Amino acid sequence: MIKNIIFDYGAVLVDWNPHYLYDEYFGSAEKAEWFLQNVCRYEWNTQHDGGKPIAEGTAELVAQFPQWEKEIRMYYSNFTKMVGGQIEGMYELIQDLKARGYHVYGLTNWSGETFPLVRDVYPVFSLMEGMVVSGDEKLMKPGAEIFHCLLDRYGLQAQECVFIDDNINNCNGARAVGLSAIQFKGVEDLKARLSELL
């Protein structure tokens, strides 16, 4: 029986997208996409999610692309501009799940330096009864260790948990340690999937 529902954060609870910052800056979605594919790449950001200090990662990238120093430093100095708000309907869904007696937790790949900038801004995070942030633990999804970290910290049984993430690899990581998992494809789809499971 499922008792606990565990949520990823980015693209599940809040809409995070670097284009919100760089499209306006460059005046073109295409130019911003080139920059994000070739300079401030997704893989560069994820190393900070794993616990690498932002100052260190930024200095390394500036050394590699000195002509883009201003734009590179914008990434984290304007981080909150990359968050477009809460995913519509998720706050209400989680409130309903809690009212029905389910426990809710968060498990996110997010820098321990930047998550505090948004944690108190978006009310949906306050609904979580506990959370594990990868940058604080220096562990990342889809690795088994971060799932065990959450389970052990809050005394949860894997078979009593369902994990929700937009990334299929992270869903598979959850399944590998015994959790049920749902790939997030929107609020209505999630409601339907949960109604089949709960």
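This is a short tutorial dialogue on reading helix packing, cores, burial and backbone geometry in a predicted model.

Q: Let's start with helix pairs. At what angle do H4 and H5 pack, and how far apart are their axes?

A: Good place to begin, keeping in mind that the model is predicted. Helix H4 covers residues 54-64 and helix H5 covers residues 69-77; the two pack at an angle of about 160°, and their axes lie 10 Å apart. Angles over 145 degrees count as roughly antiparallel, so H4 is roughly antiparallel to H5. The crossing of H4 past H5 is right-handed.

Q: Which residues make that contact between H4 and H5?

A: A general idea helps here: an α-helix has 3.6 residues a turn, so residues three or four places apart point the same way. In this model, H4 contributes Ile54, Thr58, Leu61 and Val62, and these meet Glu69, Ile72, Arg73 and Tyr76 of H5. By class, the contact of H4 with H5 consists of five nonpolar residues, one polar and two charged.

Q: And H6 with H11: are they roughly parallel or roughly antiparallel?

A: Angles under 35 degrees count as roughly parallel. Helix H6 (residues 90-99) and helix H11 (residues 187-197) pack at an angle of about 20°, with axes 10 Å apart, and are therefore roughly parallel to each other. H6 also passes H11 in a right-handed crossing. On the H6 side the contact has Met90, Leu93 and Leu97, which meet Val187, Leu190, Lys191 and Leu194 in H11. Six nonpolar residues, no polar and one charged make up the contact of H6 with H11.

Q: Met90 caught my eye. Which residues have the most contacts inside the largest nonpolar core?

A: The general idea first: in soluble globular proteins, nonpolar side chains tend to be buried together. Here the largest nonpolar core has 51 residues, and those with the most contacts inside it are Phe7, Leu13, Tyr22 and Met90. Setting aside neighbours within four places in sequence, Met90 is in contact with Phe7, Val12, Leu13, Phe184, Val187 and Leu190. Apart from the largest core lies another core, of 18 residues, among them Ile6, Leu150, Cys171 and Val177.

Q: How do I read burial for single helices? Which residues of H5 are buried?

A: Look for residues under 20% relative accessible area, then ask what lies over them. In H5 the buried residues are Glu71, Ile72, Met74, Tyr75 and Tyr76. Their cover includes strand S2 (14-16), helix H1 (19-26), helix H2 (29-38), helix H3 (42-49) and H4.

Q: What about H3: which of its residues are buried, and what follows the helix?

A: In H3, the buried residues are Trp44, Asn45, Thr46, His48 and Asp49. What covers them includes S2, H4, H5 and helix H8 (134-137). After H3 comes Gly51, with a positive phi near 115°.

Q: Could we look at single residues too? What does Val132 touch?

A: Val132 sits in strand S5 (residues 131-133) and is buried, with a relative accessible area of 0%. Beyond its neighbours within four places in sequence, Val132 is in contact with Gly106, Leu107, Thr108, Glu137, Ile146, Cys149, Leu150, Arg153 and Tyr154.

Q: And is Val118 buried or exposed?

A: Val118 belongs to helix H7 (residues 115-119), and at 2% relative accessibility it counts as buried. Not counting residues up to four places away in sequence, Val118 touches Thr80, Val83, Trp110 and Phe125. Val118 and Asp8 are 110 residues apart in sequence, and 15 Å apart in space from C-alpha to C-alpha.

Q: Last topic, the backbone. Where are the positive phi values in residues other than glycine?

A: Most residues other than glycine have a negative phi, and most peptide bonds are trans. Ala11 has a positive phi, near 70°; its place is the loop between strand S1 (4-7) and S2, and at 31% relative accessibility Ala11 counts as partly exposed. Lys138 has a positive phi too, near 60°. Lys138 lies in the loop between H8 and H9 and, at 58% relative accessibility, counts as exposed.

Q: Which residues does a cis peptide bond join?

A: The cis bond joins Lys141 and Pro142, with omega about 10°. Pro142 is in the loop between H8 and helix H9 (144-154).

How values were computed
Residues are numbered from 1 along each chain as its sequence is written. This is a predicted model: local features need pLDDT of at least 70, side-chain atom pairs count only at pLDDT 80 or more; totals for chains, interfaces and linings use all residues. Side-chain values use heavy atoms; hydrogens and water are left out. Axes are lines fitted to C-alpha atoms, for helices over the stretch in contact, and angles run from 0 to 180 degrees between N-to-C directions. Helices (H or I, at least four residues) and strands (E, at least two) are DSSP runs, numbered from the N terminus. Angles under 35 degrees count as roughly parallel, over 145 as roughly antiparallel, 65 to 115 as roughly perpendicular and the rest as oblique. A crossing is left-handed if the near helix is turned anticlockwise from the far one by less than a right angle, and right-handed if clockwise. Contact means heavy atoms within 4.5 Å. Ala, Val, Leu, Ile, Met, Phe, Trp, Tyr, Cys and Pro count as nonpolar, Asp, Glu, Lys and Arg as charged, and the others, Gly among them, as polar. A nonpolar core is a set of buried Ala, Val, Leu, Ile, Met, Phe, Trp, Tyr and Cys residues joined through side-chain atoms within 4.5 Å. Buried means under 20% relative accessible area, exposed over 50%, partly exposed in between (1.4 Å probe, protein chains only).
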